[in-house]
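Student: Hi, could we go through how two chains meet in this model?
Tutor: Happy to, let me bring it up.

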Amino acid sequence: MSLYYVLSETQILVKGKTYPYREKMRLLGAQYNAVDKSWTVTHTPENLTIVAELCKSVGGGAIKETVFTPERTASVSSSMPTTLSTFKTPTLSPQESVALETTADVPQGFSIAELMRQAQLAIAQSFPRSLWVIGEIQNIRFHASGVYFQLADSKEGGSQSATVTVNATLWKSQLRDLERKFGDTLKEILQDGFRVRVLADLTLFKDRGQLSLQIQSIDPNFTKGSLALQREKLLKELRAKGLDKQNKSLPLTPFPLKVGLLSAEDSRAKSDFIDQLKVYGFAGEVIFRPCQMQGEATLKDVVSGLKFLQEAAVDVIVMTRGGGSAADLRWFDSREIAFAIAECRVPVVAAIGHHEDVCVAEDICFQREKTPTAAADFIISVFSRTRERLDQLLLALDKTLNDRVKLFDTYLMGLMEKMRAAAQAQLSDQRRLTDQAEATLELNWQRKLLGWAGRLEQIQSALSRGLDLRLEKERALVERAGVTFGRSLDLRLQREESMLDKASAALQARSAMLIDKFEVRLREAVKDLRRGAQDATRERELNLQRFEAIFKQNDPKPWMAQGWTQLFDERGLIKESSQIKVGQAVKARLTDSLLKLTVNEIEAPRKGES
Amino acid sequence: MQESANYQKMLEEVEGIVRSITSPDIDLDRMVNQVERGYELIRLMRLRLDETKTKIDQLHQRYESKES
């Protein structure tokens, strides 16, 4: 960018790339305008000469067509009519005119470079100062050199998605200045989808013929106001439909033992919340539903998470996120989450940001807490409140019961007093009546006794007479019965004795006969026994005699005594000469010793000997 | 009972000796010993028989005297 100047009657406005020449501007007594980054110099012939030479030396020059009003700050939105003048036919230098004369037949036109230069000049002349531009940020990219994005507007007459865009750049040096100026607010604003109002220089990249905005400053209040407006609009709609207090009006169970937790997986918020519950010894159950709490997926995750936890029949839902970027709070200003909370049948406790601004979700939920720990404290406080309430009820009940007891006590005391008095009166009456009755009774009793005594004497004498008569009759009867009984008893006894005698005689005869028979049998048995024993011993004796005969028959001693013996060797008995050889050892038993012999000669059998 | 069993054993031994000595190949030394053992067993068995007979006679006499 070069240096340009605009003349007015009293001042010279120097604009463009002024930073390298700031010292020269100060020497001219120029004043710096930070808003549009221009310098204002008093219009004198000397100053004009110096400024013109300076601009010329760097390829700039005067801008004549634009009317410069020093008191007015340039403020031109993209929708405002521009003062861009139409391009003129290029003014040719004397050298160029000579050249054209010699090539009169060649058709004339702009080269692209010339076109770009003219366009750049026209833009510089039309927008000599920075201008305020309003648009929605799209495709924002953060690089080391700066921030790049597009500013977009909905196209007039087009569909909702159709937009008209212009590239914008926030250089690193400007970004640092703005960060110093606005702090974290700048980060909150520089996000896709946010409408912003920026102060920018409109430039043309000649190489690509592309317009671009060089961001100089930003108006954070505009963006905040825009978001606030959207938020207010949504709240108004919710109020109109009666949904803003719907979740707040739900009854919260006095013992929320089943808590639904909606937070990011492995987040600090989740652990803080659960740890805080554990600190208080929470005895219930936490049903955790992981979901994104920042980014595009937040809407879908939170809405489905609320639905899931309702179906899980939790007592209360805690929706929480950690610190994170405050810009991500805007998802909780969304219509989808707001309606999901409003229509939720379970009380929702929101602890989604530590920021001062309250988002719609927090505004319409049952309870808003700043931190996950505070949300856990709230759950615990419900139990505490319930206990306090129970204690209060207990006290009230105790007091009521005491009052009732006292009342009944007093009433009973009165009743007892009355009863005692009535009882005493009754007793006196009864005593008097009893005395009278006793006297009457005694009188009657004595009369009766006298009557009874007379009757008794009569009965006694009558009984005595009757008893004597009866006794005499009974005695006579017994005597007669005794005589009769004695007689019949004697007869009976005689009969029985006779029968017994007969039976005894028969039994005796039978026994004698049997004994005779047994005696005969016994004698026979004795005979048999003796005979059997004798036979058995005789038989054994005969056996022994037989064995003895066998032994006598086989006994070798008699024939050994006559000098006979046997020859034998280690193989056994020797019966024939063929069993022995000359020189062989043989043995022979005598009656008193054993002979060990050697064969000297074997004679052949003589004729006639076998 | 024990005595009966002993008598029976002695009888079986005598029968065994008889079978042994009637064998044609019996050794003379063994035969002499067997015969001696047979005579001894027969003597013991006869004694046992005599005792038995005496006992039977005594029992019979005791019975007869009781009856009379």
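Tutor: Here is a short chat about the contact between the chains. This is a predicted model, where local features need pLDDT of at least 70, side-chain atom pairs count only at pLDDT 80 or more, and totals for chains, interfaces and linings use all residues. Residues are numbered from 1 along each chain as its sequence is written, with chains lettered from A and ligands numbered from 1 in the order in which they are written.

Student: How many residues does each chain put into the contact?
Tutor: Chain A gives 20 residues and chain B gives 22 residues, counting two residues as in contact if their C-beta atoms, placed from the backbone, lie within 7 Å.

Student: And which element supplies the largest share on the chain A side?
Tutor: That is α12(A), with 12 residues. Both α12 (372-554) and β17 (572-574) of chain A supply at least two residues each. Helices (H or I, at least four residues) and strands (E, at least two) are DSSP runs, numbered from the N terminus.

Student: What is the secondary structure of chain B?
Tutor: Two helices and zero strands.

Student: How do α12(A) and α2(B) cross?
Tutor: Their axes come within 10 Å and cross at roughly 165°, with α2 of chain B spanning residues 28-67. Axes are lines fitted to C-alpha atoms, for helices over the stretch in contact, and angles run from 0 to 180 degrees between N-to-C directions.

Student: So parallel or antiparallel?
Tutor: That angle makes α12(A) roughly antiparallel to α2(B), the term for angles over 145 degrees.

Note on methods:
Parallel < 35°, antiparallel > 145°, perpendicular 65-115°, else oblique.
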